[in-house]
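User: I have a structure open and would like to know how its labels are earned. Could you take me through a few of them?

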Amino acid sequence: MRLVLPGTSASTGMALGRARLVQPSRYAVDTRPLAEDEIEGELERLHRALDTARQELRELRGKLHGALAREVNEFIDAHSLLLDDAELLRGLDDMVRVGHYRPGAALKKQRDRLAAVFEAMDDPYLRSRKEDIDQVIARVISALERQTSAEERKLAARVGEILVADTIAPADMAHLAGNGLLGVVASSGSAYSHSAILARSLGLPMLVGTRDALSSIHDDDLILLDTERGETVVHPTAQDLARYRAWQRQSAQEGRRLASLANAPTRTRDGFDIHLYANAESATDVAQARARGADGVGLYRTEFLFLRQKGLPSEDEQFTAYRDLVLGMGGLPVTIRTLDLGADKADAAGLVLRGEDNPALGVRGVRLSLRYPAVFTTQIRAILRAACYGPVRVLVPMVTQPDELIAVRTLFKLARQELEQEHVDLPEKLPLGAMIEVPAAAINVRALLDHADFLAIGTNDLAQYVLAADRGNDALDNIYTPLQPALLRLVAHVISCGRRAGKPVSLCGEIGGDVGLTALLVALGLTEFSMHPSQLLHVRDRLASLDRAALRRLAPRLLRAHTHEDVETLLAHLT
Ligand code: PEP
Ligand code: MG
């Protein structure tokens, strides 16, 4: 009988496979008290199980390599620390020795006590750490069970299976994913959990919060995991399978392109290395960026966090989002742009000034952030905290003149001092860059280069301001074109000033991902592109066919063009 179980997507994709249940029978423990003469033997058994659990974690660590190892090792460290926690161990010993608890019952009691402590915490991130406790204790209980039954319940090959469990430990997930596991349906857990973060970076589809999973699904049931719809279909029908096949065809096509290009270097035909970054806002973007071999995130638009909900996101909410982004990129650099509300970007938080005659020329971007230092400082604190999890750069939108950058730097300094006093871990350095999207910033870019560590050209806005043509007004299509000589000259000017100052310059407007303009941007000297992840492979492909040296020689002609039609003609010869 077809049955649909709702759940929350923690990592996107679809999977069709046999269900493999991991029942939390581990908590159905024997509660009869120990006899006096059993105590020493049971204590020994407990410590053997703890040793086995430690050994398993060490072995898992040895099996993981590369970026994945960096992420998983963090979880393994956290779990190993718990296994060595003196208070936890003393508590367990006392329960067995003094309270006559059997080891399984003692472990369950400790688990319940610690879980209650974490559950009572306000911070959603800390609350989700309850899963770590669950996973560590489950590992020890499972080791205990194996001793009695002598049955090695190995986490061996799981080809063609979808794991159905209460939760799954990140380290186990990494191991299983390497052994054919197709997906995970968890009855509890959150999209904040380490497991969810990891599933996303492994590209393993995962649903959490599927409440009835363990009671409604049976071992070997055929199930369809569909994160787009947020459901698990038990005993799928022909129609469900057709939907799955359509998805499969699509992702296979995509996969073939990925297979050939994802790990290829980004290089022009004449051997010049180019850096490709992703504009990423969601977990899917991050997963895509990684799968397509991005060099990092070149633009993370934080306003999405502010637009998703009514009211302002708290420091912890922001911290969690930024940290997940940084973790998701597995050690690659991430550029977080500070709040860019105003103009076309609606405002759920109620910050944007009402009644401005020209909002696009009004208090938007950094102008708005500096008007609300308390709101801005909350964001700055969240960024500083997240920057301990990997390399982060901060990008400031709508900069017009140096004093804005100086003010932002001062706020960062103050927030740093505050956090230091609170004994919060802080990153050593945090490069601060300016978006170049206001004509004055582009023309007078040298002044900004005195204060910025890097630049990112925002051609979406730069074009609208240079051309005095609203980027959202399709009646102005004949004016609002990236081929306008005035725009190209500014872009070339910014790139060359940045190069002379020895500071990186990227371009993160939509044109960065337009393969029809890749040759033009290379001709202008661009070496760092940032784009929607879906474009990464296309641009890499295009770059491989271009001769950079020849294109650079054409730059003067392009820059001398009088009209955008002239540029178009020149471009037609280039491509
Ligand atoms: C831009 O203006 O080019 C840009 C990348 O920023 P946004 O599109 O978010 O304004
Ligand atoms: Mg912009």
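User: What makes the span of helix α3 (residues 86-97) close to the expected one?

Analyst: Happy to help, and please keep in mind that this is a predicted model. Helix α3 has 12 residues and reaches 16 Å from its first C-alpha to its last. At 1.5 Å a residue, 16 Å is expected, and the helix is close to that. Its buried residues include Leu 88, Leu 89 and Leu 92.

User: What makes Glu 437 and Asp 461 the protein donors of the magnesium ion (ligand 2)?

Analyst: The cut-off for a donor atom here is within 2.8 Å of the metal. Glu 437 (OE) and Asp 461 (OD) lie 2.1 Å from the ion, so they qualify. Both Glu 437 and Asp 461 are buried.

User: Why is this pair said to tie parts together?

Analyst: Glu 437 sits in the loop between β13 (432-436) and α17 (439-443), while Asp 461 belongs to helix α19 (residues 459-466), so the pair links parts 24 residues apart in sequence.

User: How do you know that strand β9 (residues 275-279) and β16 pair?

Analyst: Pairing takes at least two bridges. These strands have four, in the parallel sense, so they count as paired. His 275 stands opposite Glu 528 in β16.

User: Which residues have the most contacts inside the largest nonpolar core?

Analyst: Those are Tyr 322 and Leu 455, in a core of 96 residues. Helix α20 (residues 485-501) gives the most to this core, with eight residues. A second, separate core has 43 residues, Ile 76 and Phe 118 among them.

Note on methods: Residues are numbered from 1 along each chain as its sequence is written. Chains are lettered from A and ligands numbered from 1 in the order in which they are written. This is a predicted model: local features need pLDDT of at least 70, side-chain atom pairs count only at pLDDT 80 or more; totals for chains, interfaces and linings use all residues. Side-chain values use heavy atoms; hydrogens and water are left out. Donors are N, O and S atoms within 2.8 Å of the metal (3.2 Å for Na, K and Ca); water is not among the atoms, so sites may look incomplete. Helices (H or I, at least four residues) and strands (E, at least two) are DSSP runs, numbered from the N terminus. Buried means under 20% relative accessible area, exposed over 50%, partly exposed in between (1.4 Å probe, protein chains only). The expected span of a helix is 1.5 Å times one less than its number of residues. A nonpolar core is a set of buried Ala, Val, Leu, Ile, Met, Phe, Trp, Tyr and Cys residues joined through side-chain atoms within 4.5 Å.
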